[in-house]
Amino acid sequence: MKKTLLFASALSFAMTMNAQLKVTNLRVEHMANPTVVDETVPRFSWINEALGVNERGKRQTAYQIGVASSLEKARVAQFDVWNSQKQPSSQSILIPYEGLPLRSGTDYYWCVRTWDENGTPSVWSQVNTWGMGLLKTTDWKGKWISPAKTTNAAPMLRRTFAIGKTVKQAKVFICGLGFHQLYMNGQRIGNDELVPNISNYSYRDDLHTHAIALNDKFTGYRVLYMSYDVTKQIKLGENAIGVLLGHGWAKPDKHIASHFTDPCLRCQINVQYTDGTSEVLAPTDESWKVKTSAIHYNGLFQGELYDARHETPQWNTAQCDESGWEQAITIAGPTGQMSAMTSPADKIMETLKPKTFKKREDGRYEVDFGEEISGWIRLKDIVASAGDTIRIDYECESPQGIQRYVAKGTARETYAPHFTWFVFRKAYISGIDQLTEANLQAEAVYTDVRENATFECSNPLFNQILTIWKRSQKDNMHGSIASDCPHRERLPYTGDGQGACGIVMEHFDAAAFYAKWIRDVRDAQDRTDGYVPNSAPWQPGAGGGVAWGAAMNVMPWEFYLNYGDTRLLEQCYEPMKRQLDYMTTWMTPEGVMFQQRASVGQKEPMYWLNLGDWCPPDHSKIAKESLVHTFYLWHCADITSRAARVLGHHEDAVRYAQMAEQVRMAFDRVFFDEKAQSCGPNGDNIFALCMGLGAEHQPQLINTVRKEIAEGTKGHINVGFIGAKYFFETLARHGMNDLAYEAMNKTDFPSYGHWIAQGATTTWEQWDGGNSRNHPMMGSGLTWFSRNLAGVQYDEHQPAYRHIIIRPQVPAQMEYVSYTKQTPYGKVASSLQRKDGITTVTVTVPVGSTATLVLPIGTKELQQGTYTFKYSDEQ
């Protein structure tokens, strides 16, 4: 079939020669205006936007970064900390700081301007800021403190202090484990929830006693501290700081998670005065007071019981009566390194009103919010008698904790949980006589990672599949990790993480999120043998296998491809090599890998340490474990070779490339059955095709795959979540995009559409609906939407979408596809529409990027701009 070009346009060929660039989206270490950074050489990024209408070819040719010690100086370009001067460069991401040494606990203000291809400068960007952390251990004046006795209740801690002169700035540096809420003079500070983010807080001496037993020989231990500006809350005279502590991950209340430490607090207030002096006030020590709060039970898994009758009036103000309060004690505290929390916090990200509300015959109220979220229901302005216990029971297929509120009997009462979350669409409320839907508000709580991409196509099922995955992904993002499920386990599984990281990065602004979680993976690596466990931070309820440990190689590489961060790749390079070395200890004489790891103290292999694929449609038909293990040995060797090339380790690049090829050849010899022309009937061939089986076997293998899917599974997917990551893209890459479309378009078992047909608003763990019904891992294969249908792909030789490959592969059944994403360089977009025999393709390339557009009519090399091409099919 011949394709004829009818039209090509940049929307308008008119050029505005004096148009400038506009500098937006300023970032420091992947974050906008971070309050605390402990990187002494932080890096700056920004996005250039073309101001002219309908232009092409705009690019940056130089930049100037200015850093000042005050907002006022930055606004008038008095850069007394660093003035980079005009630097000839097209680089606009991750530019390292080169100014004066940065001071501990200090805020800095920066802006940037750029020059375009005509030498025309932009105006200065808006001024952004970042705050430095406490860079030396001696900068910490606060000690770790705790209640003398710890119970299931949440403790309140407080301290008064005096201010005798005018404050220029006051900042609280704080880490409260497991979770904290900070108050100053009665006012809650910040809108963060469930902070600080989870990390490997401390050494644990009991990990070898659990069913999935490891020794605590991890590489790193750290606790994350935060910083809050409280200048506006502090006043002359007496002041009070208050902290509410929850158990959180430090003292979890379920056997699948291990105890790190009892609730504890470390904080201090760094104050600068207008006269130029400074001091540290209210450092945590024995002068702090402690008392049990109205939260009589708090547990990450088992929920919260709040008795409002036992509230302490004005507990976080200077007017509080301290009789009945006890003295805090100093403790050794967790063993982890104090590290700045340079990752997004959980927040209330959405509020939902009831879709339906009714009173049932049993007297309970039933409320439905329309979709399953992770968060809680807030009771608003309720009227109840003192002692009334209001129960909120969340409907969920997986067990979760309680939410109980004991009323104090005032005219109007409002309450939401403090240190846990629930998963629900529907809930049942009892223990209250009068309730209306106006008294109920659902609040979706998850890590503040915003969507930065949109996908839409003419197939409404595909749109809905992506929607329910996004919902599930957000529900599972807490503490800057992604869990397997947000209710039953809540664990940061490394296998789920590496499986889904590609699709997450293509739809969310997730750089700071993954920079943190990848560091958690490094910290979780066994420092003696390189083994990477099934969750990071490690929790002893996490089962997995080789594909889980592969997160140490896969996630940093995906991060590099999406964000171009060579520093993070360099930090991960030795851990990648060590993990690969560990994998080779399980190689057989035939050259394939078959891990048979045992729990500590045991001789027999532990099932939950050696999985291959997981959750296929039929659990009796699953890809061979040794085949999946060998695939990941090849994959990790291949990735490590590519990383070595990027980082200039040329001998390593050759060595690991040779290893990958040797493993691929062994895979071919051991697993390919010449007679059956197959590596196995249960998705095994997807792994074989993905890694590139020997050229002599490729045609036969493609025919086998086509037959086994078209006939054997009647067009359905035949893999678990490990294989799902590769299923659709591999089919598309090998001329079977029609089968990829058919499998994605199914509405009977097994398929995404089957879940939706049953009312799912989230993606599930298993194709048959077993176990958890809120699992984002199966979303790993949805990269097919953006990479294949819309055709937008990064180029590993120019990462972060510096060069974009756009190759739409839209099946004949579809009328249009559209994908838009905010990359580190700006917006890239690809859309294709068919109408009356004419195909229209429109693409947008951001400033600083180039693109190769591959169409049936030929290949086009594009610079910045928006382009439209039209062609028809001629018989």
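**Notes on two buried charges, the nonpolar cores and a small sheet**

1. Let me start with Asp484, which is buried but makes no salt bridge; the nearest side chain of opposite charge is Arg488, 4.7 Å away. With a salt bridge requiring a side-chain nitrogen of Lys or Arg within 4 Å of a carboxyl oxygen, that distance falls outside the cut-off. Do keep in mind that this is a predicted model.

2. Where does Asp484 sit in the chain? Asp484 lies in the loop that links β36 (481-482) to α3 (494-507). Once neighbours within four places in sequence are set aside, its contacts include Glu489, Arg490, Leu491, Tyr493 and Asp496. Asn476 is also in contact with Asp484, as are Asn774, His775 and Pro776.

3. Arg519 is worth a look for a similar reason: Arg519 is buried and has no salt bridge, and Asp523, the nearest side chain of opposite charge, is 4.9 Å away. Arg519 belongs to helix α4 (residues 511-524). Neighbours within four places aside, Arg519 is in contact with Arg222, Leu224, Ser339 and Ala340.

4. Turning to the interior, the largest nonpolar core has 214 residues, and the members touching the most others are Phe462, Tyr514, Tyr632, Trp784 and Phe785. Helix α8 (residues 625-647) supplies the largest share of this core, 12 residues. There is also a second, separate core of 32 residues, with Leu157, Leu182, Tyr228 and Ile269 among them.

5. You may like to zoom in on Tyr514. Leaving out neighbours within four places in sequence, Tyr514 is in contact with Ala500, Cys501, Val504 and Met505, and also with Met555 and Phe559.

6. Next, a sheet for your figure: 3 strands in the order β2-β3-β7 form an open sheet with antiparallel pairing. β2 (21-28) and β7 (95-96) are the edge strands, each with a single partner, so one side of each has no neighbour in the sheet. As for β3, this strand is mostly covered, with 6 of its 8 residues buried.

7. Which residues face each other across the pairings of this sheet? β2 pairs with strand β3 (residues 43-50) in the antiparallel sense over 6 bridges. Here Lys22 stands opposite Glu49 in β3, and Arg27 is opposite Ser45 in β3. The antiparallel pairing of β3 with β7 runs over 2 bridges, and Arg43 stands opposite Pro96 in β7.

How values were computed:
Residues numbered from 1 in each chain as written. Predicted model: local features only at pLDDT ≥ 70, side-chain atom pairs only at ≥ 80, totals over all residues. Heavy atoms only, no water. Helix = DSSP H or I, 4+ residues; strand = E, 2+ residues; numbered from the N terminus. Buried < 20%, exposed > 50% of the residue type's maximum accessible area, 1.4 Å probe, protein only. Lys, Arg positive; Asp, Glu negative; His and termini not counted. Contact = heavy atoms within 4.5 Å. Core = buried A, V, L, I, M, F, W, Y, C linked by side-chain atoms within 4.5 Å. Pairing = 2+ DSSP bridges.
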